[in-house]
Amino acid sequence: MSMEELFHPLQEPMILAAAISIVVGAVVVVAGLTYFKKWGYFYKNWLSTVDHKKIGIMYIAVALLMLFRGGIDALLMRAQTAVPDNGLLDAQHYNEIFTTHGLIMILFMAMPFVIGLMNIVIPLQIGARDVAFPRLNAVSFWAFAAGCGLLNLSFIIGGSPDAGWTAYFPLASTDFSPTVGNNYYSLALQLSGIGTLLTGVNFITTIFKMRAPGMTLMKMPMFSWSILITNVIIVFAFPVLTVALALMMLDRQFGTKFFAMTDGGMDMLWANLFWVWGHPEVYIVILPAFGIFSEVIATFARKNLYGYKSMVMSMVVISLLSFLVWAHHFYTMGHGVMVNSVFSITTMAIAVPTGVKMFNWLLTMRHGKIQFTTPMLYALGFIPIFTIGGVTGVMLAMASADYQYHNTMFLVAHFHYVLIPGTVFGVLAGYHFWWPKMFGFRLNEKLGKAGFWFIAISFNVTFFPLFILGLDGYARRMYTYSASTGYGPLNMLSFIGALGLAVGFALICYNIYYSWKHMPRNEKADVWDGRSLEWATHSPVPEYNFAIVPNVSRLDEFWFAKKEGRDITAGKIEKIHMPNNTGTPFWTSGFLFLAAFFAVFSLWIPAIISMLVVFGFMALRSFENDHGRYISVEEITETEKSLRGDK
Amino acid sequence: MKIDSSLPLEYSTEENRLKIFGFWIFLGAEIMLFATLFAVYFTLHTRTGSGPDGAEIFELTPVLLETFLLLASSFTIGLGVHAMRLGNKKAMMTFFIITLILGLGFLGIEIDEFVTYVHEGATITTSAFLSALMTLLGTHGAHVTFGFFWGVAILIQVARRGLNPQTANKAFIFSLYWHFLDVVWIFIFSFVYLKGLIS
Ligand code: HEM
Ligand SMILES: [Cu+2]
């Protein structure tokens, strides 16, 4: 491969600019750390941390960065299609950009955002001192980060994947996609997928085995429930992705015939494998958001959640159904009538439990004294917008009608109408809600609300026109169109909406800076007058979470104890066992990253050597004799005093 | 660390119980992994292109031998765990060593089988059927190989540190993994080889 080929994406000015900004950003961070002599601090407190709260914060930081990256992709696409016959991007670059946009938004923005929140909140909410496997948690994060880094590198070296985030064969085969782009796809997703799978194992164990005394499953807060179910889906769905990606790599780089057009290969096998993982994945990012909305709505309506049991049941049903609907993503690719009908019916069935949840949220708010805080605004905005998404989803579920809008902008509008209010509003609500838990100060409410309104309004301006365009036959993934189609004006409107969305996200980022400078510190622990256990400990949370592990006897114990004037965190302090920090997960993933990077270019010898180093680290870990450490009673008493503010 | 002496060593601490539970969940994921590979195999097993089909390349004798070795190793590791519960370090180590040797024997035959296939012109790139077959067998074989090194690492630790809650926990979890590989093999034996030989 010549140098020109290797760096071929850089010949595009926009891409060059993006690459330069990434490099400049990296240089600024490195220089800053060196200048302020913070490397030691940074390594000790972040890179080698096993504290679930810090790991969660790192997940969210990456997610926000990727929201920015995926958002730039989105703006580029909307700018390209804003006017007919535009020449901003050529077909190849448009292909690469919608591919990385979809991939990044789902796997490197929505997923890590959700996983970040679960890392921060779950142990607190179930009254645990830690997760079940703190070191494994660090491995999860760094494996994910390695995958994320690898995918972003594709932009600079060798070329991005270009066959859509679904990477359908034969489009994704070496015949039609000869650059290394889809090698990046298979390896980057593989690394981050392994991280996610380990998170699944970790959190199922944590939630099953580490709940506070007295907290039975049916006394567990709804967010914890949603995360439990999500992680069960992860453990069942991600191995399918692992296999699919491995087969993809084998086909592309070793000449196997799984998805080939000759020698018995079967391209439809990819579509099936992909969506057997892909549809549950949609619920992996949406159920946690449902959990967040349940917490937020109950808190700010000052009422207990209506229909707790039916909320749990509906999530269980949704999770089961999510494995039975995958073929609705390719009705038109030639199954029989019978198959299409069955998948059509299972798909529509999902609307039922989802509807149950909607009514429960509405009934929770009935007669409530609603406080319109930023998280609550996101929750309220979610309800009508998501309903539009849901209704159009049922329209898409009808197999026969799908032949009309399949692969048009109607579909693009539909899934943004579920993903943005569902996932994005959800994580943003959670982010504003739990921010004081992470950092000890609130985000500014005025800026937060302004951000919400910008996003909610611009969102509709951006995506509603796409429904109309889609019904008019405007196909998805088209890089340009001629003026005679008449698609111009609505596309322009949509571009204007996208700019508004950008302003909204900028406001959210600016709010971090503003609040960090100006918001009062030492907020009280229970800023929102909350209901579940995370509000029972200090903000920011000490590394051991709870000095005294609370005892629980009912749902929303903390809330009722407050009303009755009881303190559930009183008791005698004892020394607490904590795991030691370790740099091994960071370095192990570093070499995993190298191995995957070499593998992208089929440089197998260096790839194998890097893998051997990875195994070496694993062996080292096995032989290590590290029993953690204890935090003494004096130290805990000291910390508690200073956090309570009585010095 | 609290040690509950009414329980076997491998379960005796809170941390140990978490690890065993977590490993069961992980095995759930492994089941999904192999289930997917089986599904791929069954989708493709008749799609032989211009290459050979199963009946043409499968040979019963080596496969029976493989099955025997792996089943025996699952039995010996069971004895090893039993010896561990009785606190007999030497017997435990002996049984684990026998297990690993049986595992090596299995791998030897499997490698020989692969080499034979390739000599017969049946490579992983020949047809979709062979791609699926070799990926399924290869994944299982890679698991056994990984298990071999894992087992060695545990034996070294038991030799050096004796039987304590940590080493016992590791050995027990390893035994779960090994049994699991055996179960997967039974499926491969029945639904890949026997079925392939019949049709
Ligand atoms: C921030 C505002 C956003 C805008 C303006 C936007 C815009 C777009 C556009 C124009 C396309 C491609 C249309 C085409 O096929 O040519 C697209 C595709 C897609 N978007 Fe977005 N999007 C946004 C946010 C998101 C978010 C938050 C998610 C997920 C959580 C997401 C997920 C996807 C996916 C999965 C695709 C399909 C990619 C493919 O066709 O392979 N988008 N988006
Ligand atoms: Cu779906």
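## Contacts and packing of chain A

Of the contacts in chain A that link residues at least 6 apart in sequence, 82% connect residues at least 24 apart. The structure described here is a predicted model. Burial in chain A was assessed over 647 residues, of which 58% count as buried.

A compact globule of 647 residues would have a radius of gyration near 26 Å, and the value for chain A, 25 Å, agrees with that expectation. Taken along the principal axes, the C-alpha atoms of chain A fill a box of roughly 70 × 60 × 45 Å.

## Secondary structure and confidence of chain A

The secondary structure of chain A consists of 21 helices and two strands. Confidence in chain A averages a pLDDT of 91, and 97% of the residues reach 70 or more.

Where in chain A is confidence lowest, and where is it highest? The lowest mean, 64, belongs to helix α1 (residues 3-6) of chain A. The highest, 97, belongs to helix α8 (residues 222-254) of chain A.

## Surface and charge of chain A

Chain A exposes about 24700 Å², and carbon and sulfur atoms supply 70% of that area. Its charged side chains comprise 41 positive and 36 negative ones. The centres of these two sets lie 12 Å apart.

## The loop between α6 and α7

Two backbone features of chain A fall in the loop between α6 (134-153) and α7 (181-209), which holds A:Pro170 and A:Ala167. The peptide bond leading from A:Phe169 to A:Pro170 is cis, with omega near 0°.

A:Ala167 is not a glycine, yet its phi is positive, at about 45°. Is A:Ala167 buried or exposed? A:Ala167 counts as buried because its relative accessibility is 0%, the cut-off for burial being under 20%.

## Further backbone features of chain A

A second cis peptide bond joins A:Ser539 and A:Pro540, with omega at about -10°. A:Pro540 lies in the loop between α17 (488-518) and α18 (557-563) of chain A.

A:His367 also has a positive phi without being a glycine, here about 60°. This residue is found in the loop between α12 (351-365) and α13 (374-397) of chain A. With a relative accessible area of 71%, A:His367 is exposed, since exposure requires a value over 50%. From A:His367 to A:Thr199 the C-alpha to C-alpha distance is 39 Å, and the two residues are 168 apart in sequence.

## Chain B

Chain B contains six helices and zero strands, and its elements follow the pattern α-α-α-α-α-α along the sequence. The C-alpha trace of chain B spans about 65 × 30 × 25 Å along its principal axes.

Of the 199 residues of chain B, 52% count as buried. Among contacts in chain B between residues at least 6 apart in sequence, those joining residues at least 24 apart make up 80%.

The exposed area of chain B is about 8700 Å², with carbon and sulfur atoms supplying 71% of it. How far apart are the mean positions of the positive and negative charges of chain B? The separation is 18 Å, taken between the mean position of 11 positive charges and that of 14 negative charges.

Technical notes: Residues numbered from 1 in each chain as written. Chains lettered and ligands numbered in written order. Heavy atoms only, no water. Helix = DSSP H or I, 4+ residues; strand = E, 2+ residues; numbered from the N terminus. Rg over C-alpha atoms; globule rule 2.2 N^0.38 Å. Buried < 20%, exposed > 50% of the residue type's maximum accessible area, 1.4 Å probe, protein only. Contact = heavy atoms within 4.5 Å. Areas by Shrake-Rupley, 256 points an atom, 1.4 Å probe, with all protein chains shown as cover. Lys, Arg positive; Asp, Glu negative; His and termini not counted. Charge placed at Lys NZ, Arg CZ, Asp CG, Glu CD. pLDDT = per-residue confidence, 0-100.
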